[in-house]
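Reader: I should like to go through this model term by term, asking on what grounds each description is given. Please set every value against its definition.

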Amino acid sequence: MNNFIFENATKTYFGKGCVKEYLGCLLKDCGTTVMLAYGGGSIKKNGLYEEVTAILADAEKIVVEFPSIMSNPTYAKVQEGAALAREKGVDAILGIGGGSVMDCCKAISMATVYQGDIWNDFWARPGVVDFTPLPLGVIVTVAGTGSEMNGGAVITNEALKVKTGRDYPKCNPRFALVDPTYTLSVPKTQMLSGGFDILSHIMETYFSAPDEENVSDDIAEALMRGVIRDLRAAAKDPLDYTARSNLMWESTMAENRIIKLGKKMDFQCHQMEHQLGAFTDCNHGLGLAVLHPAYYRHIYKYGLVKFGHFAQRVWGIDPAGKSAEELALAGVEALAAFIKELGLPTTLRELGITDQSVLKAVADSCNLAPGSYKKMTREDVLAILQACC
Ligand code: NZQ
Ligand code: ZN
């Protein structure tokens, strides 16, 4: 194992009924005025809004609503939220939703108390958070990003056409309420999109140095097998609680830093998808499903050991009679077949992306990750994007 420091400041409550049981008590440490932040309205359809507002009323909180956080949240939305929080003297934020709501809330929690421009000082480049953001608690409603147990926030600057994420430990939510029953109302395509995002997070961590046996990769292999099993079961029966609750915890486990310990990490596919999102506002998990097989076909030869382990240990492929290269490629093709089996998109065209100039703009602006088995060039990125058309 390589050296590491581990800390995770989020207290996580997992399971059926956890909001009813714990939210009232957790609100005691949230001051008098709470910003209730949420997305486009799914929480008003599935009953969660009524449940939470009743608990807030019982706790005698002054509630400042901040609705309509969009998927792929924008910097403008962050600034709007911070201005409202300042105007109303908000003491704490309660975010209810998926990655978009949670990420937007983390950025608002910083922007509310920071004097300067948080985009310039913390998203355009890594910064040092030497102040305390507003306290944040989250209620997760869709499995996928794992944002509930990290300090990561992915924000789109529409003016600059840049979508980028940073992980600041001071932005970790103080608490996360993770009740899988809330995810049962997620539309099937979004459920699969989130599920593929989970798998992507694990793969992007796994496919990077070190390649010798290590605990982080052992956990990652077990998690990948679990996500594949649970996604298959959830695709067949979206109301399968065992599968949906496993997916929810797999989502958190993939991004709560545990499998990243001692790892260099790749996340090149995420970098490509984020810029695709900046130019087209495409769905995060669906974009990743399209990009992954093409990216791995491009790099597997440079990471034969790890891709071989992936084939054998994650997909159960028999290595007998196969060269190292054949075995590694068989794992990548098993992943591609799984994406098709789930009915996820396999081309950019299916995401409505047909403009070649967009691909060039994405390739020219996307971050080149240091952890990839093959140090990518802009030409590599463009070739991968073109292979997805
Ligand atoms: O907005 P509402 O009406 O709530 O509807 C949402 C939205 O349309 C819907 N939804 C969520 N829970 C629901 C539900 N519909 C019915 N019932 C429920 N219980 O799902 C749609 C998608 O929600 P969103 O939050 O956008 O999805 P996701 O969780 O995939 O988040 C995507 C964002 O997170 C970023 C992505 O780039 C993207 O901006 N990421 C954040 C990460 C992090 N902070 O660690 C890591 C990820 O790699 C990712 O980049
Ligand atoms: Zn992701």
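Author: The discussion below takes up the metal site, the other ligand, some buried residues and the backbone.

Author: This is a predicted model, in which local features need pLDDT of at least 70, side-chain atom pairs count only at pLDDT 80 or more, and totals for chains, interfaces and linings use all residues. Residues are numbered from 1 along each chain as its sequence is written, chains are lettered from A and ligands numbered from 1 in the order in which they are written, and side-chain values use heavy atoms, with hydrogens and water left out.

Reader: What makes Asp-197, His-201, His-270 and His-284 donors of the zinc ion (ligand 2)?

Author: Donors are N, O and S atoms within 2.8 Å of the metal (3.2 Å for Na, K and Ca); water is not among the atoms, so sites may look incomplete. The OD of Asp-197 and the NE2 atoms of His-201, His-270 and His-284 coordinate the zinc ion at 2.0 to 2.1 Å, and they therefore meet the cut-off of 2.8 Å. Along the chain these donors follow the spacing D-x3-H-x68-H-x13-H. His-270 belongs to helix H10 (residues 268-280) and His-284 to helix H11 (residues 284-299), so the pair ties together parts that are 14 residues apart in sequence. Helices (H or I, at least four residues) and strands (E, at least two) are DSSP runs, numbered from the N terminus.

Reader: Which residues come nearest to ligand 1, and how do you know that Ser-42 makes a polar contact with it?

Author: Gly-40, Ser-42, Ser-71, Ser-100 and His-201 come nearest, out of 30 residues around ligand 1; a residue is counted as near if one of its heavy atoms lies within 4 Å of the molecule. A polar contact is a pair of N or O atoms within 3.5 Å; within protein, one must be able to donate a hydrogen and the other to accept it, and residues adjacent in sequence count only if both atoms are side-chain atoms. An N or O atom in the side chain of Ser-42 is 2.7 Å from an oxygen atom of ligand 1, so the pair satisfies the 3.5 Å limit. For Ser-147, a side-chain N or O atom is 3.3 Å from a nitrogen atom of the ligand. His-274 places a polar side-chain atom 2.9 Å from an oxygen atom of ligand 1. The protein covers 87% of the 970 Å² of accessible area that this ligand has on its own; such areas come from the Shrake-Rupley method with a 1.4 Å probe, and for residues only the protein chains shown count as cover.

Reader: Where is Ser-100, and what does its side chain reach?

Author: Ser-100 is in helix H5 (residues 99-113), and its side chain reaches the backbone nitrogen of Asn-72 at 3.2 Å. Setting aside neighbours within four places in sequence, Ser-100 is in contact (heavy atoms within 4.5 Å) with Ile-69, Met-70, Ser-71, Asn-72 and Pro-73.

Reader: Why is Ser-193 called buried?

Author: Buried means under 20% relative accessible area, exposed over 50%, and partly exposed in between (1.4 Å probe, protein chains only). Ser-193 has a relative accessible area of 2%, so it is buried. This residue lies in helix H7, and a polar contact of 2.6 Å joins its side chain to that of Asn-283.

Reader: On what grounds are Tyr-168 and Pro-133 classed as buried or exposed?

Author: Tyr-168 has a relative accessible area of 7% and is therefore buried. A polar atom of its side chain lies 2.9 Å from the backbone nitrogen of Gly-127. Pro-133, at 5% relative accessibility, also counts as buried, and is found in the loop between helix H6 (118-123) and strand S5 (136-140).

Reader: What makes the backbone at Glu-60 and Arg-257 worth a remark?

Author: Most residues other than glycine have a negative phi, and most peptide bonds are trans. Phi is near 55° at Glu-60 and about 85° at Arg-257. Glu-60 is exposed, since its relative accessible area is 69%, whereas Arg-257 counts as buried at 14%. The peptide bond from Ala-209 to Pro-210 is cis, with omega near 0°.
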